[in-house]
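Work through the exercises below with the sequence and the 3D view open. Each task is followed by a solution in steps.

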Amino acid sequence: MKRIDLIAGARPNFMKIAPIIGALNDAKNRGSELRFRLIHTGQHYDRAMSGSFFEELGIPDPDINLEVGSGTQAEQTAGIMMAYEKILLKEKSDLCLVVGDVTSTMACSIAARKLGVPVAHVEGGIRSGDWTMPEEINRVVTDSITNWFFTTSQTANDNLRQAGVDEDRIFFVGNTMIDTLLTQLPRLRPPECWNALALEPSNYFVVTLHRPGNVDGEQGLLSLLEAIVDGTRGFPVVFPVHPRTAKQLGELGIRTPQLHYIDPLGYLEFNYLVRHARAVITDSGGITEETTVLGVPCLTLRDNTERPETITMGTNELIGTNPSNLAPALARLKAGKWKKGGIPPKWDGKTSERIVKILEQLLIGA
Ligand code: UD1
């Protein structure tokens, strides 16, 4: 038997880890000798940010919860490293598998590798080149000590090659987040606000904003919201608010009654909203992948992306963080001039199966 520690810590990890758990369970039922231990770092802990995803995506209760909670970057990193190290010192696994680019991803990979436990990184190799994002530092640090990379794109493969990673450590498998999306499509369901706001398909916008660069400065946040109000006039706009953004809006006393602020949604309701939206306006990375697969126009309020295929192949466009860029982009959208887009290679719902097959070869030699 070989055991893998599966690390999940923050909201965008949960939809990436769920299908890997499914594929590992399928493999076990076929007689595979792979086993896993699910470790939740507790970076996200609210029901809306964590528990509801476990329920809706059928993720089992974690075997271990490190309960690190909120804190500064260093506090969270240190807290997760110390707690995970204790677990490993008691009982090591044969592999530490991390996903994405959150603080939990980096912290657990460091703790594992220092104790001689190899690391696999799902979504390895992507780069924004933007060193102001904590995620970019998490990616670069994680990838510098990762043994095996499971990648979502050719660009990620190229980034790793350029960094000197040998070909036999790079596995271009596709996107586990899309495995989840395709599995859950039939179960998506309208949120409460659907009827309350009398929403109709293709006749409303969805907004999400949570990057510190966009929401932590008073004037910047207000100008972005005003530009969204101006550019979407005549359409309802639904804005599920991330806790960081909610805190800022509250503290700054910002009010834009034209936008419908709602609590963060669960997976099934959020993606129902996205699937039927006229367009999504966001500063998220993961959502640009989901909109690409759903064929929904996406306007990204960032100056760079680590997911360029959502632009070259998908429906995403980088609008930048200057609020004045929004009006012309929304005018193009309303004029029906948005690109249609296609689906990047291997984003086909079978990525987790591929990953588990490779893990069997790497760990068991099967
Ligand atoms: C983290 C990830 C980011 C990801 C985002 C999705 C890092 C560096 N960033 O950012 O890549 O896109 O998650 O949500 O890992 N809070 C709650 N309840 C919770 C969790 C957080 O209220 O369950 C509040 C706390 O006030 C906390 C703040 O949200 O201080 C930010 O949480 P944190 O985990 O530090 O980072 P995110 O901004 O969520």
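**Exercise 1: Residues around the ligand**

Of the 19 residues around the ligand in this predicted model, find those that come nearest.

Solution. The nearest are Gln 43, His 44, Asp 46, Glu 135 and His 210. Next, sort the shell by class: six residues are nonpolar, nine are polar and four are charged.

**Exercise 2: Polar contacts**

Which atoms of the ligand do polar side-chain atoms of Asp 46, Glu 135 and Arg 244 approach?

Solution. Step 1: a polar contact needs a pair of N or O atoms within 3.5 Å. Step 2: Asp 46 places a polar side-chain atom 2.8 Å from a nitrogen atom of the ligand. Step 3: for Glu 135, the distance to an oxygen atom of the ligand is 2.5 Å. Step 4: a polar side-chain atom of Arg 244 lies 3.0 Å from an oxygen atom of the ligand. Step 5: on its own the ligand has 750 Å² of accessible area, and the protein covers 87% of this.

**Exercise 3: The pocket and its shell**

Locate the ligand, and list the elements that give two or more residues to its shell.

Solution. The ligand takes up the space of the largest pocket. The elements are α1 (11-29), α3 (73-90), α5 (134-145) and α11 (243-252). Of the elements, α5 gives the most, with three residues. By domain, at least three shell residues come from each of domain 1 (2-175 + 347-364) and domain 2 (188-334).

Conventions: Residues are numbered from 1 along each chain as its sequence is written. This is a predicted model: local features need pLDDT of at least 70, side-chain atom pairs count only at pLDDT 80 or more; totals for chains, interfaces and linings use all residues. Side-chain values use heavy atoms; hydrogens and water are left out. A residue is near a molecule or strand if one of its heavy atoms lies within 4 Å of it. A polar contact is a pair of N or O atoms within 3.5 Å; within protein, one must be able to donate a hydrogen and the other to accept it, and residues adjacent in sequence count only if both atoms are side-chain atoms. Accessible areas come from the Shrake-Rupley method with a 1.4 Å probe; for residues, only the protein chains shown count as cover. On a 1 Å grid over the protein atoms alone, a cavity is a set of points where a 1.4 Å probe fits but cannot get out, and a pocket is an open set with protein on both sides within 12 Å along at least five of seven lines; lining residues have an atom within 4 Å of a point. A molecule sits in a cavity or pocket if more than half of its atoms lie within 2 Å of its grid points. Helices (H or I, at least four residues) and strands (E, at least two) are DSSP runs, numbered from the N terminus. Ala, Val, Leu, Ile, Met, Phe, Trp, Tyr, Cys and Pro count as nonpolar, Asp, Glu, Lys and Arg as charged, and the others, Gly among them, as polar. Domain bounds come from an automatic or database domain assignment.
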